[in-house]
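Please read the following points with the model open beside you. They concern how two chains meet, and then one residue in a loop.

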Amino acid sequence: MAYFIQVLIDAVALGSLYALVALAIGLVFGVMKLINFAQADYLTVGAYSLVIPTAAATPSMMFGGLPWALMIFCVVLSITVLALITERVAFRPLRNTDPTTLLISSFAVSYFLQSLIIMFHGGRPKSVSIGAALTRPIDILGLRVGGVQFLTMTVALLLLIALVLFLKRTSIGIQLRAAAEDFSMARLLGVAANRVIAIAFAISGILGGVISLLFVIQTGTLDIRMGIMPTVYAFFATVIGGIGSLPGAVLGGYIVGILSVFLQAYLPEEMRPFRDAGVFTIVILILLVRPQGLIVTSAAKERV
Amino acid sequence: MRIFERLFPVLALVIPLAGVVWTIDQFGSASVERVATEALIRLVFAIGLYIFAGNSGIVSFGHMTFCAIAAYATAWQTCCAMLKPITMSGLPAFIRDNTFPLLPAALTSIALAGVVAFTSGLILMRLSSLSASISTLALMFILNVIYSNWTTVTMGSSTIVGLPVYVTIWIALGCAVLVIVIAYLYQVSRWGLMLRAAREDEVAAQASGTSLYWSRLIAFTLSGFVAGLAGVLFAHFMGTVSIANFFLNHTFLIVAMLVIGGMQSLAGAVVGVTFISVVIELFRRAEVGFSVGSTQISIPAGSQELILAGIMLLILIFRKAGIMGGKELRWPWSVRDDGTVVGVGQVRLAHSADSHR
């Protein structure tokens, strides 16, 4: 029973993380029909911004050496700026093209950023330790919970709640949701296109920054591909949730996160390396039953 | 003459290719020949991807899956008779203990890739086009996870070495010509035209009696076979097979080639692969360094990737339909307005390509 509850906490922690990434992708998709591959590289760049660009395997700290509040601020700010730059340079000129072209262009942006990181940091993984104090297990109601899992879960849930309040209660949040629902109608009613798109990208940058920090605390390594797995999972979260639906993205994020942790915990030992394949297969099977996703929106079907 | 005009889009691609290959074979150095052979194999793969992505308008990021499946299948059958029982002990006994002739091994490997494409297509082609695009990525991740961890059969993430190397530049050319012809015959066929109609307007095509599902599934399966052929060629060109070669980097390269050349026409695929292969080779040499007078000049490592991504973005922003603009090369002196003179398929193709822009 205690094992089950620990697994459950892990599952909620990972699910919340995926839900956040999926929400970032869902918001951007909502306002400009772009599935943003480069979200993976926002995560990676965020993590790499902790260290000074060298080819060394244990590099000295850049943002990672600052006091923690300043560190979080600097990382989040630089990723937000990066997200806004990619929007301005690469995605704005393509704004009215079809989703497939946008998807390919974000693939190109992602490759570009990845090559930039390799150029400055070298391609090999690096080790970095921040927040070592947080990795100690803590006791809650007689259960020993990993400090990192607890932190991840708390931060992710708080961010999720903050984001929901922002989307539901503030004027700009409501504009964002309106734009995600029907972009041209929202514009006719006075929503400024450039502003909502910039805000969607800024949010995806902020989330990218925070999530990259959580990942580094968890794994203690930097890797060129570290952003890819969470982002690809988040893609599937948005697809099974119903593409274009924000609650669907969160729901999908929890589904893939929880599935992933439960498969890891309950698969027989020799099957565990195949966990990711299992999650993707289940996701595809869900799509077999509901090809439009769990929550179907107007964005799923092309208007005639 | 009419036959010549009808086949012109194919001949205009095949003859220059053969000319270039002949020139390289006669006058080029061994390294140039190697680069050209690799480019031709990439061309086979790119055309495989084009058969699905170009005609249906759904980009697939997962075609490396079929390439990998065929490459591993041919490796299992033809490689290293002595080591196989030790390194790949999990193979079924009749494969583990026997070595198969090259041609049957190639054909069965291609068939396996095609069968996997068909089976996965049964599920994926039910999805809307954007979801299908993303789900092809899932396919590649599933295969990558399985093949990197299935140590007793695929040797995990280590490289299988010792495959017979038989792919010369002429074999690569022959396969490229074959798939160009297949792709062309498919796209002017009834099913190809239906799929292209669905690409332009899903609703109108469905209203005219096109089944999105079946037309997409046929293209997906055919492109799976062709990608499988590319996988076999890769395996027997390199002499090694490693799952790391069948992942995102290579996918990006081929998608970039297609996009830059122009995703919506066969000529675009050929032009894109040729153009990018030349650009990459130039930058690769510049990264190694060359000397002007007495000074050694080289550009920083990794700039080749940056340039490639940069070119791709510029093309997407300023010339979305790629270098060829979605057009085939056409016989320049034909009477276009008169459908009896120009091949029927060509008129419709030309029309769909023009109206799209």
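1. Buried area here is the accessible area (1.4 Å probe) that two parts lose on being put together, summed over both. By that reckoning chain B and chain A bury about 4000 Å² between them, with 83% of it on carbon and sulfur atoms. In chain B, the residues that lose the most area to chain A are B:L130, B:I134 and B:L306, together 16% of what that side buries.

2. This is a predicted model, in which local features need pLDDT of at least 70 and side-chain atom pairs count only at pLDDT 80 or more, while totals for chains, interfaces and linings use all residues. Residues are numbered from 1 along each chain as its sequence is written, chains are lettered from A in the order in which they are written, and side-chain values use heavy atoms, with hydrogens and water left out.

3. Counting contact as heavy atoms within 4.5 Å, 42 residues of chain B touch 43 residues of chain A. The rule finds one salt bridge across this interface (a side-chain nitrogen of Lys or Arg within 4 Å of a carboxyl oxygen of Asp or Glu), and the side chains of B:K320 and A:D98 form a salt bridge at 3.5 Å, N to O.

4. B:S60 is buried, with a relative accessible area of 1%, where buried means under 20% (1.4 Å probe, protein chains only). Leaving aside neighbours within four places in sequence, B:S60 is in contact with B:L49, B:F52, B:A53, B:T136 and B:V255. A polar atom of the B:S60 side chain lies 3.1 Å from the backbone nitrogen of B:G62.

How values were computed: Buried means under 20% relative accessible area, exposed over 50%, partly exposed in between (1.4 Å probe, protein chains only). A polar contact is a pair of N or O atoms within 3.5 Å; within protein, one must be able to donate a hydrogen and the other to accept it, and residues adjacent in sequence count only if both atoms are side-chain atoms.
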